[in-house]
Amino acid sequence: MKKRRRFWTVVEKLEDLIDQGVYPPGSRLPPERELAEMYDVSRPTIREAIIALEVRERVEVKTSSGVYVTQSTREEKQSKPISAFELTQARALVEGEAAALAAATIQPDELEALKQTLIDMKNPKLAEEADLHFHEIIAKATRNNAIEMSINNLWDIRRTDPEIIAAYQDVCSQSINDRLQEHTAIYEAIAKKDSSTARKAMHSHFNRLINALFAASEARALEEIKRKTDETRGLYSISHLTQ
């Protein structure tokens, strides 16, 4: 299975250094050449990483001066909580259009890689990473860096927020066959270069997912109500007086 594009690794490492205070707010990052040597990547890869950091508002590029760390921190950027429902709705909106665009622009090698992820999804040990890679391939196939970054950012939230991780685990572990069928439908539409069907297939995938999240949330709420009712019944029951 292919790894994520290399510039994302650089982005994550630089963000970690910023959060650790190695590069505090207002400080200047090392020159492009030094960063390329530091992470053993090409200078174009460093440029892509800087663009991503700028989109995330972690750095500011000053012409003829350099790249400076902004005052915002990761905690400030994530101060507003995001629910699993909000994330899923956002993913449906963005990734539906990404699938439609990818159907017109995807290359043969990307289509082959997309097909391989379907094979990997059949293996429980590889399914989660295969799912991620499936969506990354489509994002890259759009040939639109803004769309690709948006999808990767949404996936970062999906994979790092504890509450969202728990919510998705509840439904994904119970719908392995559904997930495979839905991703297969998306793949087949993209392979046929059918943008409209690809969009609908992606929307259907997320519609099933968000409805499963609703059902799981409702089940947890009902269980909590039952627990509290049982506690109240035990506390105030007078059945012993009738014996």
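**Exercise 1. The salt bridge between the domains**

Task: In this predicted model, determine how many salt bridges are counted between domain 1 and domain 2, and which residues form a salt bridge with an N to O separation of 2.7 Å.

Solution.
Step 1. The chain is divided into domain 1, residues 6-69, and domain 2, residues 84-217.
Step 2. Between domain 1 and domain 2 the count is one salt bridge.
Step 3. The salt bridge with the stated separation joins Arg56 and Asp156, whose closest N and O atoms are 2.7 Å apart. A salt bridge requires a side-chain nitrogen of Lys or Arg within 4 Å of a carboxyl oxygen of Asp or Glu, so a separation of 2.7 Å satisfies the cut-off.
Step 4. As a general principle, side chains of opposite charge can pair when their charged atoms come close.

**Exercise 2. The contact between the domains**

Task: Describe the contact between domain 1 and domain 2 by its residues, its buried area and the elements that supply the domain 1 side.

Solution.
Step 1. The C-alpha centres of domain 1 and domain 2 are 29 Å apart. Seven residues from domain 1 and five residues from domain 2 take part in the contact.
Step 2. About 500 Å² is buried between domain 1 and domain 2, and carbon and sulfur atoms give 57% of this area.
Step 3. Two residue pairs are counted in polar contact between domain 1 and domain 2, both at pLDDT 80 or more.
Step 4. On the side of domain 1 that touches domain 2, the elements giving two or more residues are helix H1 (6-19) and helix H3 (43-55). The largest share, four residues, comes from H3.
Step 5. By residue class, this side of domain 1 has four nonpolar, no polar and three charged residues.

**Exercise 3. Val55 and Ser150**

Task: Find the distance between the C-alpha atoms of Val55 and Ser150, and decide whether Val55 is buried, partly exposed or exposed.

Solution.
Step 1. Val55 has its place in helix H3.
Step 2. Val55 and Ser150 are 95 residues apart along the chain, and their C-alpha atoms are separated by 9.6 Å.
Step 3. Val55 counts as partly exposed because its relative accessibility is 49%, and the exposed class begins over 50%.

**Exercise 4. Three further salt bridges**

Task: The whole count comes to 20 salt bridges. For the pairs Glu15 and Arg58, Arg33 and Glu37, and Glu129 and Arg159, give the N to O distance and the setting of each residue.

Solution.
Step 1. Glu15 and Arg58 meet in a salt bridge at 3.3 Å, N to O. The pair links distant parts of the chain, 43 residues apart, with Glu15 in helix H1 and Arg58 in the loop between H3 and S1. Both Glu15 and Arg58 are buried.
Step 2. The side chains of Arg33 and Glu37 meet at 3.7 Å, N to O. These two residues are four apart in helix H2 (residues 32-39), so about one helical turn separates them. Arg33 is partly exposed, with a relative accessible area of 43%, whereas Glu37 is exposed, at 57%.
Step 3. In the salt bridge of Glu129 and Arg159, the N to O distance is 3.2 Å. Glu129 lies in helix H7 and Arg159 in helix H8, so the pair ties together parts that are 30 residues apart in sequence. Glu129 is partly exposed at 38%, and Arg159 is partly exposed at 36%.
Step 4. Glu15, Asp19, Arg56, Arg58 and Asp156 are joined into one network by salt bridges that share partners.

**Exercise 5. The surroundings of Thr142**

Task: Establish where Thr142 is found, and which backbone atoms its side chain reaches.

Solution.
Step 1. Thr142 is in the loop between helix H7 (127-141) and helix H8 (145-160).
Step 2. Its relative accessibility is 3%, and Thr142 therefore counts as buried, the cut-off being under 20%.
Step 3. The side chain of Thr142 reaches the backbone oxygen of Ala139 at 2.6 Å and the backbone nitrogen of Asn144 at 3.2 Å.
Step 4. Apart from neighbours within four places in sequence, Thr142 is in contact with Ala98, Leu101, Ala102, Thr105 and Ile147.

**Exercise 6. Positive phi values**

Task: State the phi values of Glu57 and Lys193, and locate both residues.

Solution.
Step 1. Glu57, a residue other than glycine, has a positive phi near 65 degrees. Glu57 lies in the loop between H3 and strand S1 (59-62), and at 45% relative accessibility Glu57 counts as partly exposed.
Step 2. Lys193 is not a glycine, yet its phi is positive at about 60 degrees. Lys193 lies in the loop between helix H10 (176-191) and helix H11 (195-236).

Definitions and conventions
Residues numbered from 1 in each chain as written. Predicted model: local features only at pLDDT ≥ 70, side-chain atom pairs only at ≥ 80, totals over all residues. Heavy atoms only, no water. Domains from an automatic or database assignment. Contact = heavy atoms within 4.5 Å. Buried area = accessible area lost by both parts, 1.4 Å probe. Polar contact = N/O pair within 3.5 Å; in protein donor to acceptor, adjacent residues only side chain to side chain. Nonpolar A, V, L, I, M, F, W, Y, C, P; charged D, E, K, R; others polar. Buried < 20%, exposed > 50% of the residue type's maximum accessible area, 1.4 Å probe, protein only.
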